[in-house]
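Me: Please take a close look with me at a single part of this protein. I would like to follow it outwards into its surroundings, at a bench biochemist's pace.

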Amino acid sequence: MTTEFELIRRHAPPGARRLDVLLGSGDDAAILKVPPGKALVATVDTLVAGRHFPIQTAAYDIGWKALAVNLSDLAAMGAEAAWVTVALTMPVMAPGDQDQWMEDLTDGIQTLAERSGVAVVGGDLTAGPLSITIQALGLIESDCALRRDTAQAGDLIAVTGHLGDAALALRLMQAGSEVPPVLLERLNRPEPRLSEGSALVGKAHAAIDISDGLLADLGHMLEASSVGATIDCRKLPLSETFRQLCPIEEQATLALTGGDDYELCLCIAPDDFARLDNSLKSGLKVVGVITGSTGLEVLGSDGHCMDLPVTGYDHFRFHSGPDS
């Protein structure tokens, strides 16, 4: 029977090659060199089967998404992604199935790690209910990080990409309906906006990544910054597939509260937004404005205020998860 250490040696993904990895996986700990003048940015996320991804999700997609959600946090800080560690808990399988599943999982991690310039420098493997925890470490110039507590009244609120695609994919999947590949990819293989986050350093006042829905995550930023906001649903960036498949009366609610987008939400002064490079500005959509008073106002298609939940995803509140 294949042992834990044989599985690690056979399937541990190396990620990208980096000169700042003085000692990588294979010892008790990695040794990493932080360049002078740089600050270390650290984040960690756990994905649990049936809670964060449907039980039937392919191993490749689990590996990709587990890394992507962590890189998205680094992107929201404007950091350069550098190193990750991977801790995997997986059920015992038949040897052939186990090797194939592990190979697919590490291929998903490896593909995104290489694309993102990230080295996998260690981790852990144990048997049990399926879950994966990734710690991601990034680098940024000292005192230059994008934060969520520095939004200012008068800032434009802009987002990258489209909203709602992943949430619609999950809804269709739970209903037993066919899910278009473009939506399924948005759910299973989100693209961390590392280049956009880095390009916004020194330009945007604040940023956060959208994991639990725009309203919930923007709400965290507003609370931290002691400001308010107005969002205009008529300006939401929705994909053509989303517009075609989601009932029009449900589009705003799903796009604002569905979650799993892993796009960036940023706050930036109007003059600074106007001065952004066109290639960066073309990927951003202004959806609202920061106000001096506290509270979050959402304008519907008729220009009147809507009543929408802004609490977002809560692990400890009863709900129907991805496996329902």
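Reply: Let's begin at Asp260, which counts as buried at 17% relative accessibility; buried means under 20% relative accessible area, exposed over 50%, and partly exposed in between (1.4 Å probe, protein chains only). Please keep in mind that this is a predicted model, in which local features need pLDDT of at least 70, side-chain atom pairs count only at pLDDT 80 or more, and totals for chains, interfaces and linings use all residues. Residues are numbered from 1 along each chain as its sequence is written, and side-chain values use heavy atoms, with hydrogens and water left out.

Asp260 sits in the loop between helix 9 (251–257) and strand 10. Helices (H or I, at least four residues) and strands (E, at least two) are DSSP runs, numbered from the N terminus. The phi of Asp260 is near 70 degrees, a positive value in a residue other than glycine. Tyr262 belongs to the loop between helix 9 and strand 10 too, and its phi is near 55 degrees, again positive in a residue other than glycine. With 12% relative accessibility, Tyr262 counts as buried.

Now step into strand 10 and look at Glu263. Its relative accessibility is 1%, which places Glu263 among the buried residues. A salt bridge here is a side-chain nitrogen of Lys or Arg within 4 Å of a carboxyl oxygen of Asp or Glu. Glu263 makes one with Arg186, at 3.3 Å from N to O. Because Glu263 lies in strand 10 (residues 263–268) and Arg186 in helix 5, this pair ties together parts that are 77 residues apart in sequence. Arg186 is itself buried, with a relative accessible area of 15%.

Which other side chain meets Glu263 in a salt bridge? It is Arg193, with an N to O distance of 2.8 Å. Arg193 is in the loop between helix 5 and helix 6 while Glu263 is in strand 10, so this pair links parts 70 residues apart in sequence. Both Arg193 and Glu263 are buried. Salt bridges with shared partners join Asp165, Arg186, Arg193, Glu196 and Glu263 into one network. Across the whole structure, a search finds 14 salt bridges.

Another of these pairs is worth a glance: Asp61 and Arg189, whose closest N and O atoms are 2.5 Å apart. Asp61 is in helix 2 and Arg189 is in the loop between helix 5 (181–188) and helix 6 (194–199), so the pair links distant parts of the chain, 128 residues apart. Asp61 is buried, with a relative accessible area of 10%, whereas Arg189 is partly exposed at 32%.

Back to strand 10 and its sheet. Strand 10 belongs to an open sheet of six strands in the order 8-10-7-11-9-12, with mixed pairing; two strands pair if DSSP finds at least two bridges between them. Strand 8 (206–210) and strand 12 (295–299) are the edge strands, each pairing on one side only. From one strand to the next, the twist averages 25 degrees; axes are lines fitted to C-alpha atoms, for helices over the stretch in contact, and angles run from 0 to 180 degrees between N-to-C directions. Strand 9 (residues 228–232) and strand 12 run parallel and are joined by five bridges. In this pair, Ala229 stands opposite Leu296 in strand 12.

Helix 7 packs on this sheet, touching strand 7 (156–160), strand 8, strand 9, strand 10, strand 11 (284–291) and strand 12, where contact means heavy atoms within 4.5 Å. The direction of helix 7 makes about 150 degrees with that of strand 8. The buried residues of helix 7 are Leu214, Leu215, Ala216, Asp217, Leu218, Met221, Leu222 and Ser225. An α-helix has 3.6 residues a turn, so residues three or four places apart point the same way. At 1.5 Å a residue, the 12 residues of helix 7 (residues 214–225) should span 16 Å, and the end C-alpha atoms are 16 Å apart, which agrees; the expected span is 1.5 Å times one less than the number of residues. Just after helix 7, Ser226 has a positive phi of about 55 degrees.
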